[in-house]
Amino acid sequence: MARAAGNGPLTGVRVVELAGIGPGPFAAMLLADLGADVVRVDRPGGAGLAIDPACDVTNRGKRSVVVDLKSPHGPARVLDLVERAGILIEGYRPGVAERLGVGPAECHARNPGLVYGRMTGWGQQGPLAHRAGHDIAYLALTGTLGMIGTPDQPPPPPANLLGDYAGGSLYLVVGILAALHHARATGTGQVVDAAIVDGAAHLGAMIHGMLAAGGWQDRRAANLLDGGCPYYGTYETADGKYMAVGALERQFYDEFLRLLGVEDQAAARKDVTRWGELREQIAARFKTRTRDEWTAVFDGTDACVAPVLTLREAPHHPHLAARGTFTDHGGITQPAPAPRFSQTPATVRTGPAQPGAHTADVAHDWDVPGLLPAPQEDPHSPGNPQ
């Protein structure tokens with residue numbers, strides 16, 4: 001399969017991704033979206049998402065080779081790729097890459113300018129560094145999870161968006177691009193230790209400032225942005241759907257009350273003692289009409305009210321459709337690359353990479369003939385680097 005024409009601001013940047021699941025693949029997808037040539041090194045028979053690989057959108061825009069890192073020649077094949085790359089991404093537990101022979105020391109010996117990106121939940125050091133974990137546990141320790149939900153219910157899991165992807169992938173990409181800038185200026189690469197606990201904690205910078213200033217209470221649903229405020233939250237409609245309200249500023253609040261039909265509550269905006277009564281009135285009003293009817297009421301206004309859409313509904317919203325926020329590729333509706341660039345626009349170039357499908361192409365394009373298996377080798381022999 002021929003390589004699609006390059007586009008995006010990272011065209012020409014080569015990335016080696018050591019296969020995993022979750023935030024590492026998402027970070028590599030983002031780099032691929034922005035034009036990087038991402039080669040995913042899949043394990044023979046390695047685990048991925050428990051879905052058809054053709055639907056794993058986090059592998060879009062990449063190419064895949066299969067290398068058994070536990071075989072005698074496996075590490076050398078990866079190091080041959082590393083020598084020709086600018087970035088490596090791995091998401092193993094601390095010490096695993098070193099034991100496999102593809103840790104930072106080995107990689108920098110072959111390529112001193114390499115940016116070595118490490119994606120973990122707990123980080124490379126600390127008492128929990130070698131422990132297993134998932135998104136929800138990382139959020140729990142940082143105080144982030146404890147901010148979400150109502151006081152009379154356990155904190156709800158925010159899918160894996162807030163930890164894995166916001167606190168993990170995005171911080172890894174920021175770190176990688178900053179280190180790549182440094183490497184290009186100095187010729188010296190470095191290790192980027194991206195831990196979800198660090199990123200998730202960092203996301204709360206504003207809240208910690210408010211907490212120190214006395215402007216945030218350290219309990220759930222007691223603050224302006226955590227559901228405590230009646231004009232910043234969600235309300236059920238007559239058809240069992242929901243509307244989202246974010247009428248924080250005075251002019252938006254007044255518009256919201258007018259359109260909702262509860263103008264007599266104007267003075268309750270700053271009176272916390274009246275917030276309970278205000279919430280009840282708002283909830284009662286929203287229950288009188290359907291979501292679509294309320295959407296029509298607030299359409300074209302600055303009341304800061306929007307319908308809560310499902311994943312299947314969102315791509316059809318007129319604003320998102322007009323912007324092309326979602327795209328269809330290979331029969332899959334999926335988010336389009338973001339953000340947008342005026343001079344180097346990014347597009348979804350290819351669908352999800354199938355394991356090992358691009359070995360010959362990568363061997364040719366990166367000039368790594370050793371990737372091609374010898375006739376006696378079985379490229380799909382069992383193996384698992386972890």
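Okay, let's start with helix α11, residues 291-298, which lies across β8 and β9 and runs at about 30° to β8. A quick word on terms: helices here are DSSP runs of H or I with at least four residues, strands are E runs of at least two, and both are numbered from the N terminus. Angles run from 0 to 180 degrees between N-to-C directions, with axes as lines fitted to C-alpha atoms, for helices over the stretch in contact.

Before I go on, the small print. This is a predicted model, so local features need pLDDT of at least 70 and side-chain atom pairs count only at pLDDT 80 or more, while totals for chains, interfaces and linings use all residues. Residues are numbered from 1 along each chain as its sequence is written, and side-chain values use heavy atoms, leaving out hydrogens and water.

Now, what does α11 sit on? The sheet is an open one of 3 strands in the order β7-β8-β9, and the pairing is antiparallel. At the edges we have β7 and β9 (305-307), each pairing on one side only. On average, neighbouring strands in this sheet are turned by 20° against each other, direction ignored. For pairing, DSSP has to find at least two bridges between two strands. Between β7 and β8 (residues 242-246) there are 5 bridges, and you can find Tyr232 standing opposite Gly246 in β8. A second helix, α10 (residues 275-286), packs on the sheet too, touching β7 and β8, with its direction at about 40° to that of β7. Contact, by the way, means heavy atoms within 4.5 Å.

Stay with Tyr232 for a second. Together with Met206, Leu224 and Leu225, Tyr232 makes a nonpolar patch on the surface, with about 340 Å² of accessible area for the group. Patch members have over 30% relative accessible area and no salt bridge; like charges are joined within 9 Å, and nonpolar side chains (Val, Leu, Ile, Met, Phe, Trp, Tyr) within 5 Å. The areas come from the Shrake-Rupley method with a 1.4 Å probe, and for residues only the protein chains shown count as cover. Leu225 is in the loop between α8 (205-212) and β7 (232-236), and at 34% relative accessible area Leu225 is partly exposed. That wording has cut-offs: buried is under 20%, exposed is over 50%, and partly exposed is in between, with a 1.4 Å probe and protein chains only.

On to charges. Side chains of opposite charge can pair when their charged atoms come close. I'm calling it a salt bridge when a side-chain nitrogen of Lys or Arg is within 4 Å of a carboxyl oxygen of Asp or Glu, and that rule gives 15 of them.

So which partners does Arg291 have? One is Asp292, with the closest N and O atoms 3.8 Å apart; another is Glu313, at 2.9 Å, N to O. Arg291 is in α11 while Glu313 is in the loop between β9 and α12 (318-323), so this pair ties together parts that are 22 residues apart in sequence. Is Arg291 buried or exposed? Buried, at 5% relative accessibility. Asp292 is exposed at 52%, and Glu313 is partly exposed at 25%.

Over in helix α9 (residues 250-260), Glu255 and Arg258 are 3 residues apart, which is about one helical turn. Their side chains meet in a salt bridge at 3.2 Å, N to O. Both count as partly exposed: Glu255 at 23%, Arg258 at 45%. And there's a network elsewhere, linking Glu17, Arg40, Asp42 and Lys62.

Glu255 also turns up next to Ala303, which touches Ala247, Phe252, Glu255, Phe256, Leu259 and Phe298, leaving aside residues up to four places away in sequence. Ala303 is in the loop between α11 and β9, and is buried at 0% relative accessibility. From Ala303 to Asp254 there are 49 residues in sequence but 7.9 Å in space, C-alpha to C-alpha.

Last, some backbone oddments. Cys304, in that α11 to β9 loop, has a positive phi near 60° without being a glycine. Asp367 likewise has a positive phi, near 55°, and lies in the segment after α13. And the peptide bond from Ala338 to Pro339 is cis, with omega near -5°; look for Pro339 in the loop between β11 (332-335) and α13 (359-365).
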